[in-house]
Amino acid sequence: MLTRKQLELLDFINKRVQRDGVPPSFDEMKEALDLRSKSGIHRLITALEERGFIRRLAHRARALEIVKLPDALDKAGFKPRIIEGDKTSRVSGAIDVTAAAVELPVMGKIAAGVPIEALQHESHRVAVPGAMLSGKENHYALEVKGDSMIDAGINDGDVVVIREGQAADNGDIVVALVEGHEATLKRFRRHGRSIALEAANAAYETRVFSEDQVKVQGRLVGLIRTY
């Protein structure tokens with residue numbers, strides 16, 4: 001049996017992973033559960049780990065993996081959205097991702113750090129599970145360059161799966177085109193007629209632009225990592 005707070009935290013982590021492809025930060029967990037300190041989150045995560053519901057992944061910033069869900073949360077069936085494996089592209093748990101897979105174009109590199117040029121032409125293709133894709137919109141993939149999103153579990157060299165579209169809610173991780181020439185992967189925040197692009201790394205400052213300087217190109221829905 002889980003306590004109410006343990007269940008709330010597991011539900012919050014699961015929903016964020018399903019939506020963004022990466023778990024929330026400890027600050028976001030603390031705010032969602034209305035706790036005064038992150039130490040309470042650490043205790044809840046330890047309890048969930050001991051009960052076999054989540055697993056902490058070693059040597060990665062803020063990396064959590066949901067192993068299972070209690071019946072109260074698993075109404076629609078749990079579908080992990082983070083693919084991890086070796087260079088043969090195998091999913092965590094040794095499931096071949098080519099089964100029921102969809103090939104997506106990899107449209108070059110996306111900056112998670114120092115700005116790089118806007119999206120390039122297709123460089124190659126990558127197979128992703130069809131369950132990772134949602135809605136009727138087109139999807140594409142990008143290789144991450146830089147470390148500005150490491151606290152969101154996104155590392156240099158990862159491949160992110162993006163659902164194409166121009167709409168974004170506050171807190172979404174998006175591909176943003178800045179001033180028509182710079183593409184970057186950041187968390188989206190709208191403040192009136194200004195848009196803030198937030199890094200997930202304290203070494204990087206939040207960048208603020210007028211709304212006409214930023215065009216959302218898509219939203220993060222999954223992450224592929226190879227070793």
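A residue counts as buried under 20% relative accessible area, as exposed over 50%, and as partly exposed in between. The exercises below apply this to a predicted model.

**Exercise 1. Determine which salt bridge Lys-15 makes and whether Lys-15 is buried or exposed.**

Solution. Begin with the partner: the side chains of Asp-11 and Lys-15 meet in a salt bridge, with 3.3 Å from N to O, which fits the limit of 4 Å for such a pair. Next, place the two residues along the chain: they are 4 residues apart in helix H1, and therefore separated by about one helical turn. Finally, take the accessibility: Lys-15 has a relative value of 52%, so this residue counts as exposed, the cut-off being over 50%.

**Exercise 2. Describe helix H1 by its span, its buried residues and what follows it.**

Solution. Helix H1 covers residues 4–20, that is 17 residues, and its first and last C-alpha atoms are 24 Å apart, close to the 24 Å expected at 1.5 Å a residue. Turning to the burial of its residues, one finds Gln-6, Leu-9, Leu-10, Phe-12, Ile-13, Asn-14, Arg-16, Val-17 and Asp-20 buried. After the helix comes Gly-21, which has a positive phi near 85°. A network of salt bridges also links Arg-4, Lys-5 and Glu-8.

**Exercise 3. Work out which parts of the chain are joined by the salt bridges Asp-27 to Lys-38 and Arg-125 to Glu-103.**

Solution. In the pair of Asp-27 and Lys-38, the closest N and O atoms lie 3.7 Å apart. This pair links distant parts of the chain, since Asp-27 belongs to helix H2 (residues 26–32) and Lys-38 to helix H3 (residues 38–50), 11 residues apart. Asp-27 is partly exposed at a relative accessible area of 45%, and Lys-38, at 37%, is also classed as partly exposed.

In the pair of Arg-125 and Glu-103, the closest N and O atoms are 3.5 Å apart. Because Arg-125 lies in strand S8 (residues 124–129) and Glu-103 in strand S6 (residues 101–111), the bridge ties together parts that are 22 residues apart in sequence. Here Arg-125 is partly exposed, with 41% relative accessible area, whereas Glu-103 is exposed, with 53%. A search of the whole structure finds 13 salt bridges.

**Exercise 4. Establish how strand S11 is covered and how S11 pairs with S12.**

Solution. Count the buried residues of the strand: 6 of the 6 residues in S11 are buried. Then separate the faces, where Ile-173, Val-175 and Leu-177 occupy one side and Val-174, Ala-176 and Val-178 the other, with both sides covered. As for pairing, S11 and S12 run antiparallel over 6 bridges, and Ala-176 stands opposite Thr-184 in S12. The hairpin has 3 residues between these strands, and in it Glu-179 takes a positive phi near 55°.

**Exercise 5. Locate the largest nonpolar core and name the elements that contribute to it.**

Solution. The largest nonpolar core has 19 residues, of which Ile-110, Ile-154, Val-160, Ile-162, Ile-173 and Leu-185 touch the most other members. Two or more residues each come from strands S9 (139–145), S10 (159–164), S11 (173–178), S12 (182–191) and S15 (214–226). Another core, of 18 residues, lies apart from it and includes Leu-9, Phe-12, Ile-41 and Ile-66. For the protein as a whole, 46% of the 227 residues count as buried.

Key
Residues are numbered from 1 along each chain as its sequence is written. This is a predicted model: local features need pLDDT of at least 70, side-chain atom pairs count only at pLDDT 80 or more; totals for chains, interfaces and linings use all residues. Side-chain values use heavy atoms; hydrogens and water are left out. The expected span of a helix is 1.5 Å times one less than its number of residues. Buried means under 20% relative accessible area, exposed over 50%, partly exposed in between (1.4 Å probe, protein chains only). A nonpolar core is a set of buried Ala, Val, Leu, Ile, Met, Phe, Trp, Tyr and Cys residues joined through side-chain atoms within 4.5 Å. Two strands pair if DSSP finds at least two bridges between them.
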